[in-house]
Amino acid sequence: MQQNDPAVKKFQTYDGLDLMKAMAIYFVVIYHFPIMEIDFIGTGKTEAYSNFFVFSIFSTCVPIFFFVNGALLFNKSDFSLNDHISKILKTIILVIIWGFITMISLSLIYGESITVSGIIKDIYTLKNGWVNHLWFLETLLVIYVFFPLLFLAYKTKKPYFFFFFGCVMILTFGNTFIAVLATLASFLSQKFLNTNLNLNYFGGFNAFSGIYGYSIGYFMLGGILLSMKEAISNKKNRIISMVVLPLSMVMLFVYGIILSFRYNETWDIGFEAFDSLFALVMVVAIYILSMPYKSSGFAGNVLKGISKNTLGIYLLHRIVGGFLSPYFIELKYSETFIGGMVFAAIILIICLVLIFGLKKIPYLDYLFSLNLKFR
């Protein structure tokens, strides 16, 4: 097949998104199983600071998934409402099924009692630490409810689309930026030190506070930036991205240190930073740096295999990690940074092998896909 063949170009264009998805799911696994020490407040260990700094980039893990989903869905050539409704229904079913699978599996692994009422309650509220990672699918479903209108505006009424996008970004990332400025002002002036400054500064005018707002922001941004790929994928922007990525990590790290000492507990630099400008800049930088990537060879096939099975890995990793953790932490150097990275890689590989095996069993392949394929 010739290099100028449209089919080849279309295939190569999205290798960068595959790379982003593979990185993101690895970040998710590390973040959910941080066996390396990051609690510098509780332990006072020097190495915890360096681990905390590295964890700053993990604030991009779930945002990347919202970003990539938006990139693919907004740039489809057509849209089927019936297929979309089916996808929404399947998302609901997957949350319920995997809630049961995860709760029962981890109850058996940890030797805890199982009650039907308890499992149903924990799945419904997603409060149990074993199943709260499923909030991603719930949030994705909420975005899917709005998507038909957003897709129509994106294709036919771009000014309307960008107006809505601008409002979302101001009321989410803009709101968090105000909180960051307020916190820094408090730190520098040593005033209002006992005041919670992570507030909704727009009050009742803000319809996008919480996880749904910034998730929609990342989702829409993915669609916009993929359509601008040729314009922004250049050497100058890659150099800028190589500078702003570590700079954003440093700034988020410093902000996390300030917050941690302010509240006398190590701040969650992952989930709590999803809606920060630091994470937003890092996601865009990662996107720009990933776009030139072309899949090739064994490593390329591995990354593509991981990318195609990120949902399955996401659903399985809690169970696999929960089973392996008691054994791995007994090993020498397991709680070092390298040990944590290796442990996450082991979880990811085992999940991938299990998925390949389970998909060969009739009907079980439906448990690992929402059919989110570009077409």
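This is a quick tour of a predicted model, from the overall fold down to one buried arginine.

Let's start with the whole chain. Its secondary structure is all about helices: the protein chain comes to 16 helices and 0 strands. Some overall values:

| Property of the protein chain | Value |
|---|---|
| Radius of gyration | 21 Å |
| Span of the C-alpha trace along its principal axes | about 60 × 50 × 45 Å |
| Residues that count as buried | 48% of 375 residues |

A compact globule with 375 residues would have a radius of gyration near 21 Å, so the value for this chain agrees. As for how the chain meets itself, take the contacts between residues at least 6 apart in sequence: 82% of these join residues at least 24 apart.

Now for the inside. The largest nonpolar core holds 110 residues, and Leu17, Tyr287 and Ile313 touch the most other members. Helix H8 (residues 135-156) gives the most to this core, with 12 residues. Leaving aside residues up to four places away in sequence, Leu17 touches Val68, Ala71, Leu72, Leu226, Tyr287 and Met291. Tyr287, then, is both a contact of Leu17 and one of the three residues that touch the most other core members.

Finally, the arginine. Arg318 sits in helix H15 (residues 310-328). What is the nearest side chain of opposite charge to Arg318? That would be Asp268, 9.5 Å away, and Arg318 is buried with no salt bridge. Its side chain does make a polar contact with the side chain of Asn132, at 3.2 Å. Beyond residues up to four places away in sequence, Arg318 touches His32, Phe33, Thr102, Leu106, Gly129, Trp130, Asn132 and His133.

Technical notes: Residues are numbered from 1 along each chain as its sequence is written. This is a predicted model: local features need pLDDT of at least 70, side-chain atom pairs count only at pLDDT 80 or more; totals for chains, interfaces and linings use all residues. Side-chain values use heavy atoms; hydrogens and water are left out. Helices (H or I, at least four residues) and strands (E, at least two) are DSSP runs, numbered from the N terminus. Buried means under 20% relative accessible area, exposed over 50%, partly exposed in between (1.4 Å probe, protein chains only). Lys and Arg count as positive and Asp and Glu as negative; His and the chain ends are not counted. A salt bridge is a side-chain nitrogen of Lys or Arg within 4 Å of a carboxyl oxygen of Asp or Glu. A polar contact is a pair of N or O atoms within 3.5 Å; within protein, one must be able to donate a hydrogen and the other to accept it, and residues adjacent in sequence count only if both atoms are side-chain atoms. Contact means heavy atoms within 4.5 Å. A nonpolar core is a set of buried Ala, Val, Leu, Ile, Met, Phe, Trp, Tyr and Cys residues joined through side-chain atoms within 4.5 Å. The radius of gyration is taken over C-alpha atoms; the globule rule is 2.2 Å times the number of residues to the power 0.38.
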